[in-house]
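Hi,

Here is the structure I said I would pass on. Have a look at it first, and then read my notes underneath.

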Amino acid sequence: MADTGDDLWNRAQALHLDNKFVEAEEIYCTLLEQNHNNAGLLATLGSLYLQVQRHGLAIHFLEGALKQGLGQSDVHTNLGLAYNQSGQRNKAREHFEISISQNPTPEALANYSALFIEAGENKKCVELCERAIKGNNELALAHWNLSLSLLSDGIWERGWDEYDWGLKAIKCREDRKTLDVPIWDGTHGKTVLIYGEQGLGDEIMFTSMLPDILKTNPVVYECHKRLETLFKKSFDIPIYGTRESKEESPWTKDHKIDYRLPIGSLGRFYRRSRESFPGTPYLKADPLPKTKFRVGISWMGGGAKMGRVIKRSIPLPLWKTILNVTNVEFVSLQYTDCKEELDLMDTLGYPVKVMDEYAKNEDYHETARLVASCDLVISVCTSVVHLAGALGVPCWVAAPKWPAWRYQNEGGMPFYKSVRLYRQPEAKAEMWHHVLARIGLDLEDLVNGKAQKVA
């Protein structure tokens, strides 16, 4: 006997709840053929597309649900999330405000708060998070967003104390639970498994705290496979590039491990004030040979969220004010496919040297060798900034008006003394011209011997 519509719906819902999105989508689409104006079905399919980060489709179906009269708060919350992820902040804010005016649940308040992190309105974010936490003290997302706002403003103690909630918030931080040992509580003398988390840049940045824990504890370090060689050359401890593995690695049998800790959680122990950041280099790489003043450049940041890619990218043709500076060898530190842009700039008389065997090598130590050979790195907010800072290479960063917390809303970047920030005067794309013009003038002064310091 053929399945009824109710049977198909129940099966799709079960698959959806079990995170079997492809199978659930197929059934939802079958149901949609006969029920193309069904508001509940449109909203459900929109929520699925939001979960799998297909934000355009999420917006299409959620807006369709609204047009069919389904205006409940969770539809507006999901639309707020979808518009926010696609970089459409004003539309996101509109739907979030409708949602919380109808039903200010802790979840809705926490989701809304993320919008203000991106806009640098940290007081508003803190207010929303505290309201959400008052309604549900166990809501991990509210604590996580609160931590990011506090850290952005340099409120280190409370910020780090909230930061570990990211281990409970979906896809925020990774907690490797492959070993049946407790989380490290600061006990001295015991062997601690430290494991990397988040992106390459975050892992490099947090590795600055390894020397602190090594003063009191033996450490085994599990890192990203691309960082294994670089870290082995920089730290005299057991290092394994297996953190992406879902299984317990064979090397765990070779060590008596007493505790485990994700590397970002070291901040709670060692970076509780601005003064506690040494900012000194901690990674090592043998520089590649060069024949003239070398400047490495990176102009496009990565990331899953479209809005963040836009904030972290400046089209290469806008870099002419920098590339105009003579007596400089410009080399690409860009890891994305950018051949068309480079070919265009070469045609226009602005050559940027590409050293694929280093800049795009899967072993990040080779990238580090290229960065170490640079007299200066000029970059948008991306992992190469952390690499340069960790190596002690001077790095000038074209930063948005409101960058991620690592770059701080005021002052410089505390993790690295060799990094200088050039902020947008306003949070508008056209303001990049002002930023690049300032960098170009400073580079010309540096090359001509008029500047005393690089960073």
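Below is what I found, going from one helix to the cysteines, the charged pairs and the rings.

Before anything else, keep in mind that this is a predicted model.

**Helix α8**

A good place to start is helix α8, which covers residues 122-135. With 14 residues at 1.5 Å each, α8 should span 20 Å, and its end C-alpha atoms are indeed 20 Å apart, so the two agree. Which residues of α8 are buried? They are N122, C125, V126, L128, C129, A132 and I133. These buried residues take up an arc of only 165° around the axis, so they sit on the same side of α8. Turn to the face pointing away from that buried side and you will find the exposed residues K123, K134 and G135. As background, an α-helix has 3.6 residues a turn, so residues three or four places apart point the same way.

**Cysteines**

How many disulfides are there? The count is zero. For C338, the nearest cysteine sulfur belongs to C374 and is 15 Å away, and C338 is in no disulfide. C338 is also buried, at 6% relative accessibility. C395 has its closest cysteine sulfur in C381, but the distance of 9.4 Å is too far for a bond. At 0% relative accessibility, C395 counts as buried as well.

**Salt bridges**

Searching the whole structure turns up 21 salt bridges. In general, side chains of opposite charge can pair when their charged atoms come close. Three of the pairs are worth opening in your viewer.

- E329 and R294 form a salt bridge in which the closest N and O atoms are 2.7 Å apart. E329 belongs to strand β6 (residues 329-332) and R294 to strand β5 (residues 294-298), so this pair ties together parts that are 35 residues apart in sequence. Both ends are buried: E329 has 13% relative accessibility, and R294 has 2%.
- K339 and D343 meet through their side chains in a salt bridge, at 2.7 Å from N to O. Both are in helix α17 (residues 339-347), and being four residues apart they are separated by about one helical turn. K339 is exposed, with a relative accessible area of 55%, whereas D343 is partly exposed at 38% relative accessibility.
- D258 and K256 also join their side chains in a salt bridge, at 2.7 Å from N to O. Is each partner buried or exposed? D258 counts as buried, at 18% relative accessibility, while K256 counts as exposed, at 65%.

Some of the charged residues go beyond pairs: D164, R173, E197 and R268 are linked in a network of salt bridges.

**Aromatic rings**

Now for the rings, where the search of the whole structure gives 20 aromatic pairs. One of them is Y221 with F231: the ring centres are 5.4 Å apart and the planes lie at 20°, so this pair is stacked. Y221 lies in strand β2 (residues 219-222) and F231 in helix α13 (residues 228-234), so the pair ties together parts that are ten residues apart in sequence. Y221 is buried at 0% relative accessibility, and F231 is buried at 0% too.

F277 and F415 make an aromatic pair of the edge-to-face kind, with 4.9 Å from centre to centre and 85° between the planes. Where do these two rings come from? F277 is in the loop between α14 (267-270) and β5, and F415 is in the loop between β8 (395-399) and β9 (419-423), so the pair ties together parts that are 138 residues apart in sequence. F277 is buried, with a relative accessible area of 9%, and F415 counts as buried at 3% relative accessibility.

F277 and F415 also turn up in a cluster linked by ring pairs, together with W144, W156, W160, Y163, F206, W405 and Y416.

**Charges over rings**

Two lysines are worth a look here. K124 has its charged end over the ring of F116, 6.0 Å from the ring's centre. K168 lies over the face of W165, at 4.7 Å from the ring centre.

That's everything from me for now.

Cheers

Conventions: Residues numbered from 1 in each chain as written. Predicted model: local features only at pLDDT ≥ 70, side-chain atom pairs only at ≥ 80, totals over all residues. Heavy atoms only, no water. Disulfide = S-S within 2.5 Å. Buried < 20%, exposed > 50% of the residue type's maximum accessible area, 1.4 Å probe, protein only. Salt bridge = Lys/Arg side-chain N within 4 Å of Asp/Glu carboxyl O. Phe/Tyr/Trp six-rings, centres within 6.5 Å; stacked < 30°, edge-to-face > 60°. Lys NZ or Arg CZ within 6 Å of the ring centre and 35° of its normal. Expected span 1.5 Å × (residues − 1). Arc of directions from axis to C-beta.
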